[in-house]
Amino acid sequence: MTCFTFQARLLARAPRPAQGVLAGGCVALVAELDWFEVQAARRGIDLGQPALPATLAYNELLGRLDGAPYDVAVTALWVLERVYLLAWASAASNTSPFGEFVEHWTAPGFTGYVDALGELAILDGQDDLVGDVLSHEVAFWDMALA
Amino acid sequence: MTLSVRLWADNSDLAAEALAHPVVCRLSDGSLACEIFASYVAQDAFFIRN
């Protein structure tokens, strides 16, 4: 299951107080897809490449989380987004040729969204879930070097 | 300590591995090959695309 579908379905089953944050995330993801297409065209990146195993495994994890209780799924989404934000924040430097991407993926709006998701992550006793998501994130980075 | 902070702290090894990943380091120092970056972006787009 793609991240967009996962988030849209999570919004559909979210309790009323969480709907604003999750709806904002879905809108941002639509804009993100537009941004990807602009960047890809500018830099000659082929977005039609087939998915690699780590990508498929991450999407499969989202499919499993789609069938998990809401509290589990929203906590997983927070982990996914937080590690992504922190990784790109770690990559920030004045010399990186990828500064435009670093700036985009550490923008205040995204930071605020991740913080708001942290407020929704209310599940206790889910260390394995956090570890599972982080493992998939590491595998996703590993894939880039494979 | 909030729950979200504790959940993160309990998985600090994996979190540190992600944040100190060689790709992240090479993004920072500018040594990441453009082809590798392009592949990452394409996979990231696939991951989120509807």
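What share of the 50 residues of chain B count as buried? The answer is 34%. Keep in mind that we're looking at a predicted model here.

Let's stay with chain B for a moment. Its secondary structure comes down to four helices and zero strands, so reading from the N terminus you simply get α-α-α-α.

Now bring in chain A. The contact between the two chains draws on 32 residues from chain B and 48 residues from chain A. On the chain B side, α1 (3–9), α2, α3 and α4 are the elements that each put in two or more residues. The largest share of that side belongs to α4(B), with 12 residues. Sort the chain B side by class and you find 20 nonpolar, eight polar and four charged residues.

Since α4(B) gives that largest share, it's worth seeing how this helix sits against a partner in chain A. Take helix α2 of chain A, residues 16–43, and helix α4 of chain B, residues 34–48: their axes come within 11 Å and cross at roughly 150°. An angle over 145 degrees counts as roughly antiparallel, and therefore α2(A) and α4(B) are roughly antiparallel to each other. As for handedness, the crossing of these two helices is left-handed.

Who does the touching? From α2(A) you have L29(A), E32(A), L33(A), F36(A), Q39(A), A40(A) and R43(A), and from α4(B) you have A38(B), V41(B), A45(B) and I48(B). Taken together, the residues of this helix-to-helix contact split into eight nonpolar, one polar and two charged.

Next, the nonpolar core. The largest one has 44 residues, and the members touching the most others are V74(A), A76(A), L77(A), V79(A) and L134(A). This core draws on both chains: at least two residues each come from α1 (3–12), α3 (53–66), α4 (70–90), α6 (108–120) and α7 (127–145) of chain A, and likewise from α2 (12–19), α3 (22–29) and α4 of chain B. The top contributor is α4(A), which gives 10 residues.

To get a feel for the core from the inside, pick L77(A), one of those members that touch the most others. Set aside its neighbours within four places in sequence, and L77(A) is in contact with Q7(A), L10(A) and L117(A).

So keep an eye on both helices called α4: α4(A) gives the most to the largest nonpolar core, while α4(B) supplies the largest share of the chain B side that touches chain A.

How values were computed: Residues are numbered from 1 along each chain as its sequence is written. Chains are lettered from A and ligands numbered from 1 in the order in which they are written. This is a predicted model: local features need pLDDT of at least 70, side-chain atom pairs count only at pLDDT 80 or more; totals for chains, interfaces and linings use all residues. Axes are lines fitted to C-alpha atoms, for helices over the stretch in contact, and angles run from 0 to 180 degrees between N-to-C directions. Angles under 35 degrees count as roughly parallel, over 145 as roughly antiparallel, 65 to 115 as roughly perpendicular and the rest as oblique. A crossing is left-handed if the near helix is turned anticlockwise from the far one by less than a right angle, and right-handed if clockwise. Two residues are in contact if their C-beta atoms, placed from the backbone, lie within 7 Å. Ala, Val, Leu, Ile, Met, Phe, Trp, Tyr, Cys and Pro count as nonpolar, Asp, Glu, Lys and Arg as charged, and the others, Gly among them, as polar. A nonpolar core is a set of buried Ala, Val, Leu, Ile, Met, Phe, Trp, Tyr and Cys residues joined through C-beta atoms within 7 Å. A residue is buried if 20 or more other C-beta atoms lie within 10 Å of its own, exposed if 12 or fewer, and partly exposed in between; C-beta atoms are placed from the backbone.
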